Amino acid sequence: MASLAFLRSRNCLFVSCLAIIGGLTAGCGGGSSGSSNAQSIMVSVTPASASVPVAGTQTFTAAVVNTSNTAVTWQVNGVAGGDAAHGTINSTGTYTAPAAVPSTPNVTVTAASAADSTKSGSATVTITSSSGNTGSFTISPVRAALTTGQSQAFTATAPGNAAIGVTWEVDSIPGGNSSVGTVSASGVYSPPSSAGTHTVVARGVADVTATASASVFITDLTGVFTYHNDLSRDGVNSQEYALNPSSVKTATFGKRFACAIDAPAYAQPLWVANVNIGGGTHNVLVAATQHDTVYAFDADASPCQTYWSKSLLASGETWVSSTDVSSTDLAPDIGIVGTPVIDPGTNTIYVVSKSKNGANFHQRLHALSLIDGSEKFNGPQEINFSSAGATFNALTQNQRAGLALVNGVVYIAYASHGDNPTYYGWIVGYSASSLAQVSLFNDDPGSGSGGIWMSGGAPAADSNNNLYVITGNGNFDGSTQFGDSFLKLSTGSNMGVLSFFAPSDQASLNSADQDVGSGGAAMLIDQPSGPVPHLLIGGGKEGKLYLLNRDNLGGNNGTDSGAVQTFAAGNAIYATPVFWQNTLYIGLAFDHVKAYSFSPTSGTFNTAPASQSPSGFGYGGATPSLSSQGSSNGIIWGIENAGPAVLHAYDATNLGTELWNSANNGADQAGQAVKFTVPTVANGKVYVGTASEISVYGLSPN
């Protein structure tokens, strides 16, 4: 035993000596502090090089190893976030080239480890002219916006349109791969399954230094299926990769084509990606008109291609006229007014038509196939119901609000034509699968009124399937009458008021025709760390915004103390606001589009606008839409009701910076304006409903 102990001691001494000689600190027990064995943090950037045309974008990814903190900060030529002269890069690694090629066209994009800023990886970016050419041939197109289900054919051409031998790359990878997309030997690019921005390069065979490049922008947006994008009604498409403040300018953005329609489109155009239609996979644009016609257009084809159109008029019927309803609020014809809703799971379009046959008036709920326009589920369903002595009147009830599809039920809200009696603030629900009526609510059953019109806005809905609406002029008692109120409604067969808020001056607003419900309600994103985690905001003709607690809207008292916050925004509100990156955007009548900053700490807004558009809008103001790439590259889009509609684009970080508008170039002129219309932004394009066409704007392909 003693000799064994000696051997152990000698072996330990020997190991210790080796450890000292090797600069290690290992002990006899085999343990280690790990400090000197730790491997150094390493950062790599993919792709390692890229060619990006001016104002184009390229997404880089950073891989960080040997640390649990894999976050990085991005730089361009050593400047955090980059600068205007050499290009900028956001927190997700998307680089945007400058508007002009700098004197040194090569810049360095660097990702520095957040755990150790001395450790970094880099990539080289070559900034090329807008044509994407660095050699003796050209590529076409030089920019393309695609969904994950589309492909794009590129061609390389020598001077005189002569063919030229080239090889093809994606993000410097010959032929590409599944992560960046692949390109065939003939130049057909197929995108990856994930969103991002990539560069397709044609490289000369005879002269490998000669190249031409194109930017491709891939979105994973599946559709704009409902009014103002989603059930929150926040108006945000955060999956837009092609449109950014650098690319939306006269040189690269404008009117691409138009799709003719038979009457004004008051309904917002809807957009669906990757539909199996017309013998292939295409993006589809759905439009509805005052002549009770629904169209399915190719959302990208120029000139416009119609897959199908369908009249919803029964035999012997026509649309209703403004004379019939004794009001010119909608003139001269009245058919489909409220924005339809699409169920992507069943490829079904739900839409309400209004028609007449002599003195007989009809409203019907249709369930149309997105593929061919055929009626589904034994539709259409005649809308005809009564409750507590009140009966639905297909002539006097105006289906102005957008439809809402919530938990398998299509909800339809009603108001009036010019306040002409008798009408009620009905909300009726129909099963999306059978079109059977399943629920009914009336916000002012005694005397009528309390219409739900919201200038075309649609009921919002929360994760518990509760609906939120704002009502117009009407009586109020807080029990059965809810004119000029915000309402939270349960859904299902026992539809009713869960909570309400009515301004303290409700009676005077009602008598002065100052509808609280002239604007729509947008839910803010949840604020889990804020004092009120669930918020709702909206306003009406008085020009005041009401910020409310969705869990308890606040009731009615003499001081409006039940509201989280109230403040005057300016002139009348006929709009549903946008909420993005803790900022609210809203366009006021005869006033500016304004941005208000929200504090998550206080749970309230700064009542002074953070910025506003350089010029004002006319009657109706604007319900804006916002496009962004996540939390960056935000653009506010708004339609001005002024003769021909005018589409405006503003930098969302400062509305005082107008990027572009359609009135600056005759070629960009839209059709005649329709009040309260909303722009739809998807896959590098903006769709504007007008009196005679759907005007389509996007990036120039070359």
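## Exercises on a strand-rich model

Five strands line up in an open sheet, in the order E24-E27-E28-E29-E30, with antiparallel pairing. Keep in mind that this is a predicted model. Grab the structure and work through the exercises below.

### Exercise 1: Walk across the antiparallel sheet

Find out which strands are the edge strands of this sheet, and look at how E27 and E28 pair.

**Solution.**
- Step 1. Start at the ends of the order: strand E24 (223–224) and strand E30 (306–311) are the edge strands, and each pairs on one side only.
- Step 2. Now go inside. Strand E27 (residues 270–277) runs antiparallel to strand E28 (residues 280–288), and six bridges link the pair.
- Step 3. For a landmark, click on Trp271, which sits opposite Leu285 in E28.

### Exercise 2: Compare with a mixed sheet

Take the open sheet E13-E23-E22-E17-E18 and work out why one side of E13 and of E18 has no neighbour in the sheet.

**Solution.**
- Step 1. Here too there are five strands in an open sheet, but the pairing is mixed.
- Step 2. Strand E13 (143–147) and strand E18 (173–174) are at the edges and have a single partner strand each, so one side of each has no neighbour in the sheet.
- Step 3. The partner of E13 is strand E23 (residues 211–219); the two run parallel and are joined by five bridges.
- Step 4. Within that pair, Thr147 faces Thr219 in E23.

### Exercise 3: Map the pockets

Which strand gives the most to the lining of the largest pocket?

**Solution.**
- Step 1. Size it up: the largest pocket has a volume of about 440 Å³.
- Step 2. Its lining takes in 21 residues, and those nearest the centre are Ala144, Ala145, Gln152, Asp300 and Lys685.
- Step 3. Sort by element. E13, strand E14 (152–153), strand E26 (253–260) and strand E64 (693–699) each supply two or more lining residues.
- Step 4. The winner is E13, with four residues. That's the edge strand from Exercise 2.
- Step 5. Check the chemistry: eight nonpolar, nine polar and four charged residues make up this lining.
- Step 6. Repeat for the second largest pocket, with a volume of about 340 Å³. It is lined by 21 residues, with Asp329, Ser416, Gly418, Asp419 and Trp453 closest to the centre. By class, the lining holds seven nonpolar, seven polar and seven charged residues.

### Exercise 4: Look for enclosed space

How many cavities of 30 Å³ or more does the structure hold, and what lines the largest cavity?

**Solution.**
- Step 1. The count comes to five.
- Step 2. The largest cavity has a volume of about 80 Å³. Among the residues lining it are Val142, Arg143, Phe217 and Leu699.
- Step 3. By class, that lining has six nonpolar, four polar and one charged residues.
- Step 4. The second largest cavity holds about 60 Å³ of space, and its lining includes Tyr619, Glu640, Lys675 and Phe676. Those lining residues split into five nonpolar, five polar and two charged.

### Exercise 5: Inspect unusual backbone spots

Are Met454 and Phe590 buried or exposed?

**Solution.**
- Step 1. Check the backbone. Met454 has a positive phi of about 55° without being a glycine, and Phe590 has one of about 50°, again without being a glycine.
- Step 2. Place them. Met454 is in the loop between strand E44 (437–442) and strand E45 (460–461), while Phe590 is in the loop between strand E54 (583–587) and strand E55 (593–599).
- Step 3. Apply the cut-offs: buried means under 20% relative accessible area, exposed over 50%. Met454 has 1% relative accessibility, so it counts as buried. Phe590 has 56%, so it counts as exposed.
- Step 4. While you're in the loops, look for cis peptide bonds. One runs from Thr46 to Pro47, with omega near -10°, and Pro47 is in the loop between strand E1 (42–46) and strand E2 (49–53). Another joins Gly379 and Pro380, with omega about 0°.

### Exercise 6: Zoom out

Why does the radius of gyration agree with a compact globule?

**Solution.**
- Step 1. A compact globule with 702 residues would have a radius of gyration near 27 Å; the protein chain has 30 Å, so the two agree.
- Step 2. The C-alpha trace spans about 105 × 80 × 50 Å along its principal axes.
- Step 3. Of the 702 residues, 57% count as buried.
- Step 4. Finish with the inventory: the protein chain has three helices and 64 strands.

Note on methods: Residues are numbered from 1 along each chain as its sequence is written. This is a predicted model: local features need pLDDT of at least 70, side-chain atom pairs count only at pLDDT 80 or more; totals for chains, interfaces and linings use all residues. Side-chain values use heavy atoms; hydrogens and water are left out. On a 1 Å grid over the protein atoms alone, a cavity is a set of points where a 1.4 Å probe fits but cannot get out, and a pocket is an open set with protein on both sides within 12 Å along at least five of seven lines; lining residues have an atom within 4 Å of a point. Grid points are joined across faces, edges and corners, and a volume is the space filled by probe spheres set on the points. Ala, Val, Leu, Ile, Met, Phe, Trp, Tyr, Cys and Pro count as nonpolar, Asp, Glu, Lys and Arg as charged, and the others, Gly among them, as polar. Two strands pair if DSSP finds at least two bridges between them. The radius of gyration is taken over C-alpha atoms; the globule rule is 2.2 Å times the number of residues to the power 0.38. Buried means under 20% relative accessible area, exposed over 50%, partly exposed in between (1.4 Å probe, protein chains only).
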